[in-house]
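Reader: I would like to understand how statements about a ligand and its surroundings are justified. Could you take me through the reasoning one step at a time?

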Amino acid sequence: MKVYINGKFYSKDKAAVSVFDHGFLYGDGAFEGIRSYGRLVFRLDEHITRLYETCHTMMITIPLSKKEMEKAIIATLKENKIDNGYIRVIVTRGVGDLGLDPRKCHGSPMVIIIADKITLYPAELYKKGMEIITVPTVKNHAEALNPQLKSLNYLNNILAKIEANNSGYNEAIMLDGSGYVAECTGDNIVIIKDGKLSTPSQGRLKGITLAAVMDIAQKFKIPAEERLFTRHEVYNAHECFLTGTAAEIIPIVKVDGRVIGNGKPGTITAKLITAFHKVTHKDGVKY
Ligand code: PXG
């Protein structure tokens, strides 16, 4: 494996950052997870835009133009001969001293690109559906840490993941401070009732996979809305699924011990999954 670091490729064992990098010391940086399917990078523009927007708010100046970033991502895929894979782009504030103050980071931000493979959940769960739980850790308040910031600081989500894991589950529903469903630790959530899709309107990352699913729903004339909902509505939904670049689309068949629908992946979910796989192998930036 070859890892891109600031314009050069390093073998996996030589790919390293300084212990004084503020990405390491404080989680002071941003990242993106991107997928490629059959030498097509899925929604690359959207991922690059989100990365640059996160860095803009964090006041980190990425030392590459968006076009140069696109080229670096594609070069990393080619260097690693990956036709179908997962790309992790990481930008850190760079090397500073032991103080939190970003003004102490004199070096350039670090840009790291890793191209690899990832399967988030066991393959059988994509067929028979997954069981998840709601966890006690609430989602960060949106005005404390905006969910649109895809920063390197994922502790809120990791604590929720640990709670799910401790109870024997792979994924967790996180609620916002008012008890409304926000999202999962690394995925957005969608429920379906009477043929209509609903996803939380706030307190969540604007997922790129979710946006692709919503586009597909629109083409199929499946009504969809963004609104607030509680666990009660999740329990009584007819179908449920999660979306994310790493997870793709995974059906959910049980939440907090409550069976969703008939306990099997729903028909609308199955239709959306099939259409999503077609889109990912058709649309994208060719390399
Ligand atoms: N919500 C959160 C909090 C995320 O981190 C998503 C939703 C889905 O967004 P996209 O744009 O990918 O559809 C994410 C992204 C992992 C992992 O290992 C998950 C993500 C990113 C990196 C790693 O589970 N999810």
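**The ligand and its shell**

Author: In this predicted model, the largest pocket is the space that the ligand takes up.

Reader: What makes the approach of the side chain of Tyr-154 to the ligand a polar contact?

Author: A polar contact is a pair of N or O atoms within 3.5 Å. An N or O atom in the side chain of Tyr-154 is 2.4 Å from an oxygen atom of the ligand, so this pair meets the definition. A polar side-chain atom of Thr-245 lies 2.5 Å from a ligand oxygen atom, and for Ile-208 a backbone N or O atom lies 2.7 Å from an oxygen atom of the ligand. Of the ligand's 550 Å², exposed when it is taken alone, the protein buries 90%.

Reader: How do you know where the ligand lies with respect to domain 1 and domain 2?

Author: Domain 1 (2-116) and domain 2 (123-280) both give residues to the shell, and therefore the ligand lies between them. At least two shell residues come from each of β5 (85-92), α6 (208-219) and β13 (239-244).

Reader: Which kinds of residue make up the shell around the ligand?

Author: The shell divides into 6 nonpolar, 9 polar and 5 charged residues. Among the 20 residues around the ligand, those that come nearest are Tyr-154, Glu-183, Ile-208, Thr-209 and Thr-245.

Conventions: Residues numbered from 1 in each chain as written. Predicted model: local features only at pLDDT ≥ 70, side-chain atom pairs only at ≥ 80, totals over all residues. Heavy atoms only, no water. Near = heavy atom within 4 Å. Polar contact = N/O pair within 3.5 Å; in protein donor to acceptor, adjacent residues only side chain to side chain. Areas by Shrake-Rupley, 256 points an atom, 1.4 Å probe, with all protein chains shown as cover. 1 Å grid on protein atoms, 1.4 Å probe; cavity = no way out; pocket = protein on both sides within 12 Å on 5 of 7 lines; lining within 4 Å. Sits in = over half its atoms within 2 Å of the grid points. Helix = DSSP H or I, 4+ residues; strand = E, 2+ residues; numbered from the N terminus. Nonpolar A, V, L, I, M, F, W, Y, C, P; charged D, E, K, R; others polar. Domains from an automatic or database assignment.
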